[in-house]
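Dear colleague,

Please find below the structure that I am handing over to you, together with its sequence. My findings follow directly after it.

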Amino acid sequence: MKNTCLENPAMSEKVKKRTLILDIANHLEVSIATVSLVLNGKAKQSRISDAVAQRVLAYVNEVGYKPNHIAKSLRTGKTHVIGLVVEDISNPFFATVAWMIERQAFERGYRIIYCSTDNNPEKARELLTMFHERHVDGYIIVPSEGIEEEVTNILREHTPTVLFDRFLPNLPTNYVIVDGAQGTYQATLHLLAQGFSRVAFVTTDSVQTQMEARLDGYTKALAEQAMAPKVRRLAVTKDTEKVIADIQEFLQANPEIDALIFSTNYLSIYGLEAIARLKMRIPDDVAVISYDDHDLFRLYTPAITVIAQPIESIARNVIDILLDELKHPHAKDTSLPQQILLQTELVVRQSSIRKKAKTTVVRKKTLHS
């Protein structure tokens with residue numbers, strides 16, 4: 001019986017073999033090395049004429065040739081893939097930083113694979129193992145608690161690595177962080193200067209570096225004014241109703257509180273819900289400042305004052321450090337880690353401004369964290 005499969009043009013198209021670099025070289029009557037050098041942007045330095053390079057590129061475009069990245073990575077030892085591990089990719093802060101890193105990496109020939117740890121050490125370990133098995137060229141990590149051993153192993157293998165948002169105090173790593181202590185320090189002084197005298201701080205139960213720094217800035221500002229801190233630590237879970245109820249309970253138990261600083265943008269959102277349920281008015285009954293901005297805060301009535309992080313600068317510094325190490329793999333063996341501390345900006349909106357001026361003079365100092 002005659003086989004008619006290959007006589008169908010559509011079927012013929014499906015079974016057509018993939019174009020190889022050898023096919024391109026044979027068709028153009030040049031060497032495989034010439035085609036490879038042109039495709040890798042090395043025509044000029046290899047003294048390949050512009051005419052030959054243009055012929056190669058035109059034919060590659062005509063046949064729709066796609067390089068075999070697996071074969072190339074085996075040949076060069078590079079995958080041109082970077083593993084990005086963040087706490088929660090749905091959080092606007094991490095999502096925006098990840099997008100900016102991805103854009104800048106892509107412009108320089110690298111692709112990004114990113115995952116969320118949910119601040120779960122076990123999940124973080126599994127993700128780092130997956131990236132290791134995929135032979136990523138470098139790591140960008142927002143570290144969870146308890147993954148020091150895994151990061152140590154990455155450093156021991158001399159794989160370029162940059163941490164951001166927080167760092168691991170006992171490990172000599174590259175990192176890009178923000179001066180959260182200075183941010184909350186300035187925010188607290190701003191509230192005191194507006195005449196709010198019972199400023200409370202709502203934070204998570206995490207003791208990671210970035211959270212402790214934000215708490216330290218708040219307590220330092222109050223200590224300078226001889227005022228006692230009022231701190232509420234919350235265990236943040238997926239049960240948002242419990243978190244909102246905890247904030248409500250805190251406010252009801254401490255009616256003297258006239259201002260709140262929230263240590264993260266998601267806590268601020270929960271806090272706004274709690275305040276609304278208690279029918280408290282902002283800022284008449286309680287002023288509000290959030291660490292980290294969010295689109296909601298600009299649109300909320302009244303608009304919410306925020307301690308804004310320099311997202312674009314974070315992304316640029318992270319990718320610059322990583323790509324510099326990827327470009328100069330041996331330089332990092334003798335150089336010290338690059339550790340960058342960026343500044344926040346207090347964006348003042350209506351939620352922290354007293355409608356009837358009752359201002360207080362406070363002593364301002366520069367905080368060195």
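Setting aside residues up to four places away in sequence, Ile-314 is in contact with Phe-93, Val-97, Phe-164, Val-176, Val-178, Gln-309 and Leu-342. Please note that the model is a predicted one. Ile-314 belongs to the largest nonpolar core, which has 45 residues; together with Ile-82, Ile-140 and Phe-164, Ile-314 touches the most other members. The greatest contribution to this core, eight residues, comes from helix H14 (residues 311-327). There is also a second, separate core of 23 residues, and among its members are Leu-251, Leu-260, Ile-275 and Val-286.

I turn next to the sheet. It is open and consists of six strands in the order S7-S6-S8-S9-S10-S12, with mixed pairing. Its edges are formed by strand S7 (230-234) and strand S12 (345-347), each of which pairs on one side only. On average, neighbouring strands are turned by 20° against each other, direction ignored. Within the sheet, strand S6 (residues 199-204) and strand S8 (residues 259-262) are parallel partners joined over four bridges; Phe-201 has Ile-261 in S8 as its bridge partner.

Two helices deserve mention here. Helix H11 (residues 240-253) packs on the sheet and touches S6, S7 and S8, with its direction at about 160° to that of S7. Helix H9 (residues 180-193) lies across S6, S8, strand S9 (287-291), strand S10 (305-308) and S12, and runs at about 170° to S9.

Finally, the charged side chains. The structure contains 18 salt bridges. Which parts does the salt bridge between Glu-241 and Arg-277 tie together? The closest N and O atoms of this pair are 2.9 Å apart. Because Glu-241 lies in helix H11 and Arg-277 in helix H12 (residues 265-277), the pair links parts that are 36 residues apart in sequence. Glu-241 is partly exposed, at 43% relative accessibility, and Arg-277 is partly exposed at 35%.

Asp-258 and Arg-354 also meet in a salt bridge, at 3.8 Å from N to O. Asp-258 is in the loop between H11 and S8 and Arg-354 in the segment after S12, so this pair ties together parts 96 residues apart in sequence. Asp-258 counts as buried at 13% relative accessibility, whereas Arg-354, at 22%, counts as partly exposed. In addition, salt bridges with shared partners join Glu-87, Asp-165, Arg-166 and Arg-214 into one network.

With kind regards

Key:
Residues numbered from 1 in each chain as written. Predicted model: local features only at pLDDT ≥ 70, side-chain atom pairs only at ≥ 80, totals over all residues. Heavy atoms only, no water. Pairing = 2+ DSSP bridges. Axes fitted to C-alpha atoms, helices over the stretch in contact; angles between N-to-C directions. Contact = heavy atoms within 4.5 Å. Core = buried A, V, L, I, M, F, W, Y, C linked by side-chain atoms within 4.5 Å. Buried < 20%, exposed > 50% of the residue type's maximum accessible area, 1.4 Å probe, protein only. Salt bridge = Lys/Arg side-chain N within 4 Å of Asp/Glu carboxyl O.
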